[in-house]
Amino acid sequence: MPKEAVPGRAGASDRGARRLELAGVVAGAVAFIWLRAQFAYDDFPNPDMAGMAYNADVLLRGGLPYRDTVEFKSPGTFFVYAACFAAFGRALMPIQIAYAGWLASGAVAVWLASRHLYRDSGGGRGLAAGLYLGLTASFAPNYAAWMVPAYAWAFAAVVVASARGSPLLHGLAGAWAGIAFLFKAQACVLAVVFVAVWSWARRRGWGGANVLAPLCWVLGGLLAFAPLVGRYAWAGALESLWRGVVPVAVASDYATSSASVGLDLAWRVPGQLITVFPLGSMLAAVAAFGAWRTRRVDTLVPAAVLLLAAVLAAGLGGQRYYLHYLVQYVPGLAVIAAHPAWIDGLTWSGRRASTQRVARLVGAGLVVVGVGLELGRVLRTGGHRYEAMARRLEDGRTPAQAVGEHIRVRSGPDETMWAWGWTAWRAYFWADRAACTAVYKPMGVLTTFNQNTAFSDGGVIMWRAGPRADEV
């Protein structure tokens, strides 16, 4: 009797796959909860988050970012912070909880995308969801991290829509892409991903990859922008919104201001990916090997494009490749690792027993090394991706808290303040005071931008003369 026809073997295999899937999700969820608990932190581990809070306060005071502030960051987080402040008061813990829930939702998107791409994942879907949870959890809520769940949902929606052929699902994919863009403009690379997935699905004969899909994407994206455009149109501030959401001149200035990076990117970027995500990289390598061995490499194309697009996105803005940008790599890594051939990468049956043993040892060794490196990083850094959290004073407060509280108790609610420095705008939150000008952070407005990248040091930041400088 052929091996596959042995009674009960298929059922046992299915049960094993389900157990593996459940184990992956549970392990990822445990890691996620533990790592996010390390961020029960009463200050901003990155100054950009203080900028989100400042713009949220502007909204709650009746103002509008871009019109009433000089700002060139994406607006999505401003409205999320404002909603949390309005519902729960001006506190950071509700923001952390909302962020954790939002971030975790991306695991469902990764699971769905893996299910429809690979059909029978042999437990890989759970591995992908768990890997996503474990790797994203250690990133603080910066712009890229807020973007990632919407980025993952956009990918999942376009994959499912290409499989099922629903115009509504294609429209939903466009809407998710629009939401991702509103969190961080680098999500524009999803346009490349959508076209690649659509073309790949058409070649494979998926009925959902029809000619109406691109139109549905555009309509969905416009729908995502509609509430924001409506609000600014009502206030007569559409021009301000356009300059803020699509800051072409500022983006060009920021990109060209970074230190020159040459051909060394060809090895620095892959090296960075491996060192930052050792477990994800090892699992993806094993899955890719298994796909190659079983002649299913073509099924990895959508996930590979998703990862490469994220690498491209991290390089927009002067090829800086800052660590907190790299969270957008995780969905692509996770979906690659979910490939059903990943188990074949660990159990290659070569023609000779010695070849088989070596292949198994190498594959298992890669996974073990990846797990060890991830655990080592967590133990070394306390679980977060920012190794230098804000310093504490003797009374336990951060300097920003001390400064802000000093100003708050010595000034009235209608009085203003102004903070100078690269990261000093944290103090606005703790003081609960607005800046006395539309310029609340000087970097890139009153001065030149920083020039450092992840691979190079920056030069001297210079004063920038102009109308804004005259105003201040």
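This passage walks through the overall fold, one pocket and one histidine of a predicted model.

Starting with the big picture, the protein chain runs to 472 residues, and 53% of them are buried. Its secondary structure adds up to 19 helices and just two strands. As for how the chain meets itself, take the contacts with a separation of 6 or more: 73% of these join residues 24 or more positions apart. On the outside, the accessible surface comes to about 21300 Å², and carbon and sulfur atoms account for 65% of that.

Next up is the second largest pocket, which has a volume of about 510 Å³. It is lined by 21 residues, and those closest to the pocket's centre are Ala27, Ala31, Gly130, Gly134 and Leu279. Several helices pitch in here: helix 1 (9–37), helix 5 (124–136), helix 13 (278–293) and helix 16 (353–381) each give at least two residues to the lining. Helix 1 supplies the largest share, with eight residues. Sorted by class, the lining holds 15 nonpolar residues, along with four polar and two charged ones.

Finally, there is histidine 116, which sits in helix 4 (residues 93–118). Is this histidine 116 buried or exposed? Its relative accessible area is 10%, and because the cut-off for buried is under 20%, histidine 116 counts as buried. Leaving aside residues up to four places away in sequence, histidine 116 touches Val159, Val160, Ala163, Arg164 and Trp206.

Conventions
Residues numbered from 1 in each chain as written. Predicted model: local features only at pLDDT ≥ 70, side-chain atom pairs only at ≥ 80, totals over all residues. Heavy atoms only, no water. Helix = DSSP H or I, 4+ residues; strand = E, 2+ residues; numbered from the N terminus. Buried < 20%, exposed > 50% of the residue type's maximum accessible area, 1.4 Å probe, protein only. Contact = heavy atoms within 4.5 Å. Areas by Shrake-Rupley, 256 points an atom, 1.4 Å probe, with all protein chains shown as cover. 1 Å grid on protein atoms, 1.4 Å probe; cavity = no way out; pocket = protein on both sides within 12 Å on 5 of 7 lines; lining within 4 Å. Points joined across faces, edges and corners; volume = space filled by probe spheres on them. Nonpolar A, V, L, I, M, F, W, Y, C, P; charged D, E, K, R; others polar.
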